[in-house]
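Trainee: I would be grateful for a close look at a single part of this model. Please take one pair of packed helices and explain how the two are arranged and what surrounds them.

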Amino acid sequence: MQDLLYFFQQLINGLTIGSAYALIAIGYTMVYGIIGMINFAHGEVYMIGAYTALIAITGLTAFGIAWLPLVLIVALICAVIVSSSMGWAVERVAYRPVRGRHRLIPLISAIGMSIFLQNYVHLAQGSRNIGFPALMDGGFQFGSADSFQMSLSYMQITIFITTLICMTLLSLFISRSRIGRACRAVSQDLRMANLLGIDTNRIISATFVIGASLAAVAGLLLGMYYGSVDPLFGFIAGLKAFTAAVLGGIGSIPGAMLGGLILGVAESMTSGYLSGEYKDVVSFSLLILILLFKPTGLLGKPEVEKI
Amino acid sequence: MATPNFKHALFCAIVTIVIAYPILGLNLVAESTRVIVEGADTTTVISVFAAALVVFLFQLFRDRIMASLGGLPKLNPFADREHMPESKRARLESWVLTGIVVLALFWPFFVSRGSVDLATLVLIYIMLALGLNVVVGLAGLLDLGYVAFYAVGAYTFALLSQYAGVSFWMALPIGACLAALFGLVLGFPVLRLRGDYLAIVTLGFGEIIRILLNNWTALTGGPNGIGGIPDPTLFGMEFGRRVKEEGNTSFHDTFGIAYSSEHKVIFLYLIALILAVITALIIRRFMRMPVGRAWEALREDEIAARSLGLSRTAVKLSAFTIGAFFAGFAGTVFASKQGFISPESFVFLESAIILAIVVLGGMGSQLGVVLAAIAVTILPELAREFSDFRMLVFGAAMVLMMVWRPQGLMPMRRTHIQLRRQE
Amino acid sequence: MKTSVKKIVTAVGASVALMSAGQAAADIKVGIAGPMTGPVAQYGDMQFSGVRMAIDQINKAGGVMGEKLVAVEMDDVCDPKQAVTVANRMVNEGVQYVVGHLCSSSTQPASDIYEDEGILMITPASTSPEVTGRGYELVFRTIGLDSMQGPVAGNYIAAQKPERVAIVHDKQQYGEGIATAVRDTLKDAGVDIAMFEGITAGDKDFSSLVTKIKQANVDYVYYGGYHPELGLILRQARQSDVDAKFMGPEGVGNKDINTIAGEAAEGLLVTLPPSFDQKAENQQLIKAFNEKGEDPSGPFVLTSYAAVQLVADGIEQAQSKDPYDVAKALRSGSFQTPIGTVQYDKAGDMKSFEFVVYEWHSDGSKTPMN
């Protein structure tokens, strides 16, 4: 019984992280699906989202506003506005001018942007880790009090639900709305879509904005869940989320979700049953193994070679 | 025309404020045990708004500004070179390279120790970038985990010297071959992946190797790293103040000159220089051999190359292995220069910097790689005085270079015959 | 060939003589190497503020042998590669005494160069035994070793008679070193060690680790590493009702842990050098720091101050500016510094350096436990 509870606890831990990875991975996968580049600066956009949320929360607390839903909604709105502006600006400044060049050019530009943004925040906000105030404590407990108790915190539930809502909204948006349809068209054939009168520049900007907004949501949620932010933490999370996107099949939105969850669970199971030191080894090995058997990821479309 | 431009300019200005003000203008500071938000000083706020104004004006008059900039002559010293006939260009490039090497041979005797040491680092980066150039520039395989092979070379030497007392000269080929072997073994399964899938898998390999080095404490010392790595010797002569190895003599005793620590630094520099030249020559040779042509053929059009009977696996593997070989080379020199290595020196950023050198150098061109390696290593060092802004500027420079000069400092030119354009 | 002639002429005697001969100004340069940027920059801030204060005060009091101390500050980002570059630049600058570096992994490769070049180095913060364990003549430190601090923590935990103990570390030189020392002490004392595990520094998610700690049902958790990770572990442990007592080394003992862990920091045990800032004889100095608006309570501020003072006192004692003479003087003498009376053994470690167990509180204050 105790071992089973332990297993479920690790599963919950993994799914929580996994859904957050999925939110970030959407940004990678949408951008890749449309213009075929790896947006290395996306992790930094997520980090900036977390910082903005923290600034908003601390600012509100200073004014004596402490009603939790209001604080969260204001923080969320601030984070989304700043992050999506950042995503938009990054695309305009660093990617649009190099679009259509050899694929390494945007990649290097993205790595440069990532270094720039890290140091931008570092200079403005300092290098130290800054703690998030604990806003949402407590949760449900399972199991008897004298042995191992499984806990499901309110924070974890919030993360699941928010992720689910975001994913549903995104799917609806992509399949129903005008912009969503245009997005799909552009990702299938950019030039043809252009010829048919779709403003491709606008659609690409929209992709960056959507990806960045979801990253901002993840920034707020994970900042609160973990408890601190620092200028470097976006990069690691970005790397993981990118791995998740590739694992699920880059370019596919359900794939990002699936990849994120698998990666999150794999990580927490490794730390839970093996050792935390090896969790990155396991997740990368898993990625390599899956790609060996399915070279385009779990839900990716097989690439057709055209002459 | 005026109205949409105005709207757009206003929008851009607002975005500038939105992305700059919260991060720059509202600082999170720890006040004893609590975090509070503090408004930045007025200068910061004013400069944020000034920046927004600049963006606004630039966007408003964008067309006119771009037009007037376009009228200026190109700020590119190599611009005229592009019209040079191929044979002359190639000859010029080899002359320039030879000139650089000759200059580099005598240069260390006239400058300070710190500069020589830095130059050794530049040479290590040149070796790395030349090796990665084979993989990325010539064969077109995006490798984001190149630092793994560098680590293999460095650790091979460190471990061999620690456990078996092997000297630098013995370890050099062993380290390089072992790195090549790693390249071969790792490359075999992953090379059927295409493009960016390959990129993330190599990135994964790089991280795996680093984490294993960090965790395998019994063998590699884990985070403690390995110290006491010997310096290279010259025919059994050591450069230290005291002779450490039995049977060796010291350099200054043999020649009856006083001990100077500069001998060692210069000697290491010369070794690195010779190795870098050898690397460049070998790769140059490869480029002209059938295998080199096959790399480029595969990069340009994989399907066409395969239909001409090239084995995709063999060609890709050869590029991967040869690239890894030279990374092992560089790793051995690095270990010997540092005297101490730990996994911290082999992080992803290192891979990214080497890749940046290759791209900045113009993918494929050796002279370009040399220039880019110098620029990428020396610029942050010159900027050490503004330490805080160093990496910020470095990141911005990477973006700007890609935007302004995406073909790199010296784009590669293959020998080809150009038909006269009919106009 | 001109250059080698030049070298033979100039290199008569120690390379040290070469440096001072070329220098017209009668100043004594003291190199200060530590991280001004990067993830551990805040520890660098402590180092620089201590060093600057010491140089200021020594110069105001008339300098050393009538000469002024001049600081040559360089940023090594706590990166071993950059540390070597910095060390070589120190040689270029003609520096004869270095106070630094901070991280053991930077100190170690840099000290090779200093030893070769005849530069005296005193590190105010590197605790790895390796630093002084290689028989170097010119390497000293003003801080205790991991192998001294570990047993203090281990013995304290063992004295509480716990049933099971978990040891976690951050897989870095400092953290793993000290965690290993604690483990060895506990093993000798016959305490059951339920887990000994590493985490990744810079990681944020410790939910799996916390669950594991909870499952192991331990009484004590010892963490070897710095405060950003421990702060999060404390916080996440509190979230899932882990009731074990946590303990850490001096790297976790600063107020930043309170901003991260909040209430969860209450009751954390920390081994720290005795708070020099509380000592009566240091009040004058503490006042000077406070007047400058700097915080003297960080673990490396006064050790850095002491390092500079030792350089100055060593020169006075030896009545010579040759680092080898100064090293001899340091080894033979006994010096009054803000961190107590310092005497060195042959390796360059202080003969006695005390660590005290403190209990940390959620308002950032601390009380001694024994």
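Mentor: In this predicted model, helix α5 (residues 113–138) of chain B packs against helix α14 (residues 312–338) of chain B at an angle of about 170°, and their axes are 8 Å apart. Angles over 145 degrees count as roughly antiparallel, and α5(B) and α14(B) are therefore roughly antiparallel to each other.

The two helices meet through a series of residues. On the α5(B) side these include B:Thr120, B:Ile124, B:Met127, B:Leu128, B:Val134 and B:Leu138. On the α14(B) side, the residues they meet include B:Ala319, B:Phe320, B:Gly323, B:Phe326, B:Phe329, B:Ala330 and B:Lys337.

B:Met127 deserves particular attention. Leaving aside its neighbours within four places in sequence, B:Met127 is in contact with B:Phe326, B:Phe329 and B:Ala330, which are among the residues of α14(B) that meet α5(B). The contacts of B:Met127 also include B:Leu275, B:Ala276 and B:Thr279.

The nonpolar core comes next. The largest nonpolar core has 274 residues, and B:Met127 is one of those that touch the most other members, together with B:Ile126, B:Ala129, B:Ala356, B:Ile357 and C:Tyr222. Helix α5(B) gives the most to this core, with 18 residues. A second, separate core has 66 residues, including C:Cys78, C:Val131, C:Ala307 and C:Leu330.

The wider setting is chain B itself, which is divided into domain 1 (2–70) and domain 2 (86–404). The C-alpha centres of these two domains of chain B lie 41 Å apart. Another helix of chain B, α16 (residues 366–382), has 17 residues and reaches 24 Å from its first C-alpha to its last, close to the 24 Å expected at 1.5 Å a residue. Among the buried residues of α16(B) are B:Gln366, B:Val369, B:Leu371, B:Ala373 and B:Thr377.

Chain B also has a neighbour in chain A: 53 residues of chain A are in contact with 44 residues of chain B. Several elements of chain A each supply at least two residues of the side that touches chain B, among them α2 (42–62), α3 (68–95) and α11 (279–293). The largest share of that side, 15 residues, comes from α4(A).

To return to the helix pair, α5(B) and α14(B) pack with their axes 8 Å apart, and B:Met127 of α5(B) is one of the residues through which the two helices meet.

Technical notes. Residues are numbered from 1 along each chain as its sequence is written. Chains are lettered from A and ligands numbered from 1 in the order in which they are written. This is a predicted model: local features need pLDDT of at least 70, side-chain atom pairs count only at pLDDT 80 or more; totals for chains, interfaces and linings use all residues. Helices (H or I, at least four residues) and strands (E, at least two) are DSSP runs, numbered from the N terminus. The expected span of a helix is 1.5 Å times one less than its number of residues. A residue is buried if 20 or more other C-beta atoms lie within 10 Å of its own, exposed if 12 or fewer, and partly exposed in between; C-beta atoms are placed from the backbone. Domain bounds come from an automatic or database domain assignment. A nonpolar core is a set of buried Ala, Val, Leu, Ile, Met, Phe, Trp, Tyr and Cys residues joined through C-beta atoms within 7 Å. Two residues are in contact if their C-beta atoms, placed from the backbone, lie within 7 Å. Axes are lines fitted to C-alpha atoms, for helices over the stretch in contact, and angles run from 0 to 180 degrees between N-to-C directions. Angles under 35 degrees count as roughly parallel, over 145 as roughly antiparallel, 65 to 115 as roughly perpendicular and the rest as oblique.
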